[in-house]
Amino acid sequence: MAEAAVGDPWLREHPPVVTWPGGAFASGRLPAGHPRADEVADAAEAVGAVRPVAGGAPYGSDLRLYAAAGLPTLQYGPCDVRLAHSPRESVDLGELVKVTRALCGLAVRRLTTPAP
């Protein structure tokens with residue numbers, strides 16, 4: 001911005017000011033080998049969903065709040081995240097149902113299975 005302003009007479013006299021008032025995202029994190037990744041993947045497969053693949057993502061989410069509290073975090077949901085918050089934002093109802101069933105099944109297993 002500063003380089004562009006120097007090349008313009010008006011902008012030299014009225015330099016632009018760039019602020020970043022929001023969108024500060026920190027990472028969510030699930031330590032390598034944490035059992036939660038397999039638990040979620042197994043729950044997805046159990047309801048006929050495609051087994052999710054673990055990986056990082058170049059966008060922010062509220063996982064940072066849980067990570068800041070020391071809780072292991074991972075994100076799992078329906079559809080293509082590239083459609084999120086876009087003019088073509090949409091979610092396939094069938095995928096939404098499968099993810100809901102997977103997460104409900106996971107919750108039941110975690111609540112009824114003794115901790116190791």
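A residue counts as partly exposed when its relative accessible area falls between the buried range, under 20%, and the exposed range, over 50%. The model on screen is a predicted one.

**Stop 1: Asp80 and Arg82**

Select Asp80. With a relative accessible area of 31%, Asp80 is partly exposed, because that value lies between the two limits. Now add Arg82, which forms a salt bridge with Asp80; the closest N and O atoms are 2.6 Å apart. Arg82 has a relative accessible area of 69% and is therefore exposed.

**Stop 2: Cys79 and His85**

Move to Cys79, in the loop between α4 (63-68) and α5. Cys79 is partly exposed, at 26% relative accessibility. Check its backbone: phi of Cys79 is positive, about 70 degrees, although the residue is not a glycine. Most residues other than glycine have a negative phi.

Next select His85, which also lies in the loop between α4 and α5. Phi of His85 is positive as well, near 55 degrees, and His85 is not a glycine either. Is His85 buried or exposed? His85 is exposed, with 74% relative accessible area.

**Stop 3: the nonpolar core**

Select Val40, Ala43, Ala44, Ala49, Tyr76, Val99, Ala102 and Leu106 together; these eight residues form the largest nonpolar core. Which elements give two or more residues to this core? They are α3 (35-46) and α5 (93-112).

Keep Ala49 selected and show what surrounds it. Apart from neighbours within four places in sequence, Ala49 is in contact with Ala44, Tyr76 and Lys98. Ala44 and Tyr76 are themselves members of the core.

**Stop 4: salt bridges on α3 and α5**

Side chains of opposite charge can pair when their charged atoms come close. The model has seven salt bridges. Select Glu39 and Arg110, whose side chains meet in one of them, at 2.8 Å from N to O. Glu39 lies in helix α3 and Arg110 in helix α5, so the pair ties together parts that are 71 residues apart in sequence. Glu39 is partly exposed, with 25% relative accessible area. Arg110 is partly exposed too, with 43%.

Then select Arg51 and Glu45. Their side chains meet in a salt bridge of 2.8 Å, N to O. Arg51 counts as partly exposed at 31% relative accessibility, and Glu45 is partly exposed at 43%. Add Asp38 and Asp42 to the selection: together with Glu45 and Arg51, they are linked in a network of salt bridges.

**Stop 5: Ser61**

Go to Ser61, in the loop between α3 and α4. Which residues does Ser61 contact, leaving aside its neighbours within four places in sequence? They are Phe25 and Gln75. The side chain of Ser61 also makes a polar contact with the side chain of Gln75, at 3.0 Å.

**Stop 6: a nonpolar surface patch**

Finish by selecting Val91, Leu93, Leu96 and Val97 and switching on the surface. These residues make a nonpolar patch of about 340 Å². Pick out Leu93, which is found in helix α5. At 61% relative accessibility, Leu93 counts as exposed, because the value is over 50%. Helix α5 thus appears at several stops: it gives two or more residues to the largest nonpolar core, holds Arg110 of the salt bridge with Glu39, and contains Leu93 of the patch.

Key:
Residues are numbered from 1 along each chain as its sequence is written. This is a predicted model: local features need pLDDT of at least 70, side-chain atom pairs count only at pLDDT 80 or more; totals for chains, interfaces and linings use all residues. Side-chain values use heavy atoms; hydrogens and water are left out. A nonpolar core is a set of buried Ala, Val, Leu, Ile, Met, Phe, Trp, Tyr and Cys residues joined through side-chain atoms within 4.5 Å. Buried means under 20% relative accessible area, exposed over 50%, partly exposed in between (1.4 Å probe, protein chains only). Helices (H or I, at least four residues) and strands (E, at least two) are DSSP runs, numbered from the N terminus. Contact means heavy atoms within 4.5 Å. A polar contact is a pair of N or O atoms within 3.5 Å; within protein, one must be able to donate a hydrogen and the other to accept it, and residues adjacent in sequence count only if both atoms are side-chain atoms. Patches are made of residues with over 30% relative accessible area and no salt bridge: like charges are joined within 9 Å, nonpolar side chains (Val, Leu, Ile, Met, Phe, Trp, Tyr) within 5 Å. Accessible areas come from the Shrake-Rupley method with a 1.4 Å probe; for residues, only the protein chains shown count as cover. A salt bridge is a side-chain nitrogen of Lys or Arg within 4 Å of a carboxyl oxygen of Asp or Glu.
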